[in-house]
Amino acid sequence: MRDLVPGVPDETPSRLPDAWRFCVGTGRFDLALRRDYQESLALVQREIGFRHIRGHGLLSDGTGLHRPYDYRGTRHVRHVFTYVDQVIDAYLDLGIAPFVELGFMPSGLASGEQTVFWWRGNITPPRSWQEWAALVRATVTHLVDRYGLDQVRTWPIEVWNEPNLKEFWLDADQDAYHRLYEVTANTVKDVDASLQVGGPAISPGSDEWLVRFADFVAERSLPIDFVSRHAYTSGPAEHVPFGVRQTLAPPSRLLEQFATPRRQLRGGPLADLPVHITEFNSSYRPDNPIHDTAFHAAYLAPVLAAGGDLVDSFSYWTFSDVFEEAGVPPSLFHGGFGLLTHRQIKKPTYHLYAFMARMGEEILARGPDHLVTRDDTGRVTALVWAPVDVTGGPPADGHTVRLSVPVSAPSGRAFLLRSSVSEEKGNAWRAWCEMGRPASPRPRQLDALREAAEPARSHRSLPIEDGRVGLDVTLDRHEVTLLEITPVSDETPPWGDTWDHRRLLGLDALGSDGEAAP
């Protein structure tokens, strides 16, 4: 246990960046045609409200966009946007816009047969750079024509995904990626110079890629509007049937990875560009049970609280377990990346994001286990979390945080609402384990899991003394809790405070003979 007693300052506070909600990840593009996917995204948007969504497969065969054909002995290509339009229309209806990732290679344009994932995204360069440029031009032009330039210029366009890994780009050939970037970026800008294009969307572990990429872009005077990379903290995977085990670095390592691009680019021609972390999570595997746990929410809490100081966005990978990189999910909980399982069961990390969405924009205080904000109504919110230990040591029980926050109310009182998730509270994964881990829960089991997934809530009245409210918060194991402190404007009528327990039962209103008392 560690006690913190910060006096929250009253001076002009700083602003809480919304980098944590700028973007969220998704499974492959055409999964958005499914009912479960759209219902899950609608729930996320109601309670969290991300601004952009990014995933793989816009150009892959599943969208049917690139359609080569022969006519009178000559090869032609038809660009078909039937599914693309349906997906983006659905996104916009839900208040979220694409963060466009251009990839993977359509099989009809690919130079080889190497693929990644269960759904076989082709990872080879195009066999015709001219045809690739035509595909990019047709796609971007269609987006502008359909949705308008004013809107599409706010959609970042990223060139490929993790080309520094041989799993995602043939032989991780950086020179070939540089050519892909050059052709693609120039083509995007040919459509309209105000469109945003960037990259290289590299994974952790090959940071020298970014330096070489920056040198190449500068030497060739290529267009670039943002820099992107990914961040994960898990070690090598130990495979078990339908899952993996991995060690984890401390959550501070994610923040170190967030800070890396600006450190590497300092003093160079790309130094002032926006930096987008277009994927981040603990494990890079979609079958690691850590993603489903309360530990995971407490692990990521300090990252959400501080990440916006380092980058312009950091995109959680992913919003939902409607996701098939390793195949069809074998059970409701299977270690998927999602904030939600399929069938919309909320995981503890979902609630971490939902708590962040209820916080104010003004930062009053923050530390290694708390973030305190205030909104324009005077409501104060405090996100508080228990520390985690990735070395396997005993979890912290009874971790205490003490805060003193400024609150002003004529009544001299404030209303506290506390919402909590932990090993015991708001933990559907724990309930699912206690059910016997049903792979396909029945309707009543799903209802029980949805109820178990809701945060534990409590409330009470707090005195305001010298313009401040004191909070003494003791946390359960791996708990993340949101405290909402609202000034009370007392509207109790003059007779309202006479309704004690006996009067509520009508007892003191009667005489001893049962007649009404005078």
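These questions and answers walk through a predicted model, one part at a time.

Student: Start with helix 1. At what angle does helix 1 pack with helix 9?
Tutor: Two packed helices are described by the angle between their axes and the distance between the axes. Helix 1 covers residues 35-47, and helix 9 covers residues 348-357. Their axes lie 9 Å apart, and the angle is about 40 degrees.

Student: Which residues make that contact?
Tutor: Both helices contribute. Helix 9 brings Tyr-350, Ala-354 and Ala-357. Helix 1 brings Leu-43, Val-44 and Glu-47.

Student: How many residues of this contact are charged?
Tutor: Nonpolar residues number 5, and no polar residue takes part. What is left is the charged group, with 1 residue.

Student: Ser-40 is in helix 1 too. Is Ser-40 buried or exposed?
Tutor: A residue counts as buried under 20% relative accessible area. The relative accessible area of Ser-40 is 0%. Therefore Ser-40 is buried.

Student: What is Ser-40 in contact with, leaving aside its neighbours within four places in sequence?
Tutor: The chain brings distant parts together here: Ser-40 and Lys-346 are 306 residues apart along the chain, with C-alpha atoms separated by 9.8 Å. The contacts of Ser-40 are Phe-319, Ser-320, Leu-340, Thr-341 and Gln-344.

Student: Now helix 2. What distance does helix 2 reach from its first C-alpha to its last?
Tutor: Helix 2 runs over residues 82-93, so it has 12 residues. At 1.5 Å a residue, 16 Å is expected. The model comes close to that, at 17 Å.

Student: What covers the buried residues of helix 2?
Tutor: The buried residues are Val-84, Asp-85, Val-87, Ile-88, Ala-90 and Tyr-91. Their cover includes helix 1, strand 3, strand 6 and helix 3.

Student: Which residue takes a positive phi just after helix 2?
Tutor: Look just past the end of the helix. The phi there is about 80 degrees. The residue is Gly-95.

Student: On to helix 7. Why does its length agree with what a helix should span?
Tutor: Helix 7 has 14 residues, 252-265. At 1.5 Å a residue, they should span 20 Å. The end C-alpha atoms agree with this, because they are 21 Å apart.

Student: Where does helix 7 bend?
Tutor: The bend is about 35 degrees. A proline, Pro-261, follows within four residues of the bend. The bend itself is at Ala-259.

Student: What do the buried residues of helix 7 pack against?
Tutor: The buried residues include Leu-254, Phe-258 and Pro-261. Gln-257 and Thr-260 are also among them. The partners are helix 6, strand 12, strand 15, helix 8 and strand 16.

Student: Which residues touch the most other members in the largest nonpolar core?
Tutor: In soluble globular proteins, nonpolar side chains tend to be buried together. Here the largest nonpolar core has 110 residues. Those touching the most other members are Trp-132, Tyr-181 and Phe-280.

Student: What does Trp-132 touch, beyond residues up to four places away in sequence?
Tutor: One of its contacts is another tryptophan, Trp-160. Leu-59, Leu-102, Met-105, Leu-109 and Pro-126 are on the list as well. The list is completed by Leu-180, Val-183 and Thr-184.

Student: How many residues are in the other core, apart from the largest?
Tutor: That core lies apart from the largest one. Among its members are Leu-403, Ala-409, Leu-471 and Val-473. Its count is 22 residues.

Student: Turn to the backbone. Which residues does the cis peptide bond with omega of about 5 degrees join?
Tutor: One partner is a proline found in strand 11, residues 197-202. The bond joins Gly-199 and Pro-200.

Student: What is omega for the cis peptide bond of Trp-317 and Thr-318?
Tutor: Thr-318 is found in the loop between strand 16 and helix 9. The cis bond joins Trp-317 to Thr-318, with omega of about 20 degrees.

Student: Ser-221 has a positive phi although it is not a glycine. Is Ser-221 buried or exposed?
Tutor: Ser-221 is found in the loop between helix 6 and strand 12. Its relative accessible area is 63%. Exposed means over 50%, so Ser-221 is exposed.

Notes:
Residues numbered from 1 in each chain as written. Predicted model: local features only at pLDDT ≥ 70, side-chain atom pairs only at ≥ 80, totals over all residues. Heavy atoms only, no water. Axes fitted to C-alpha atoms, helices over the stretch in contact; angles between N-to-C directions. Helix = DSSP H or I, 4+ residues; strand = E, 2+ residues; numbered from the N terminus. Contact = heavy atoms within 4.5 Å. Nonpolar A, V, L, I, M, F, W, Y, C, P; charged D, E, K, R; others polar. Bend = angle between axes of the 7 residues up to and from the residue. Buried < 20%, exposed > 50% of the residue type's maximum accessible area, 1.4 Å probe, protein only. Core = buried A, V, L, I, M, F, W, Y, C linked by side-chain atoms within 4.5 Å.
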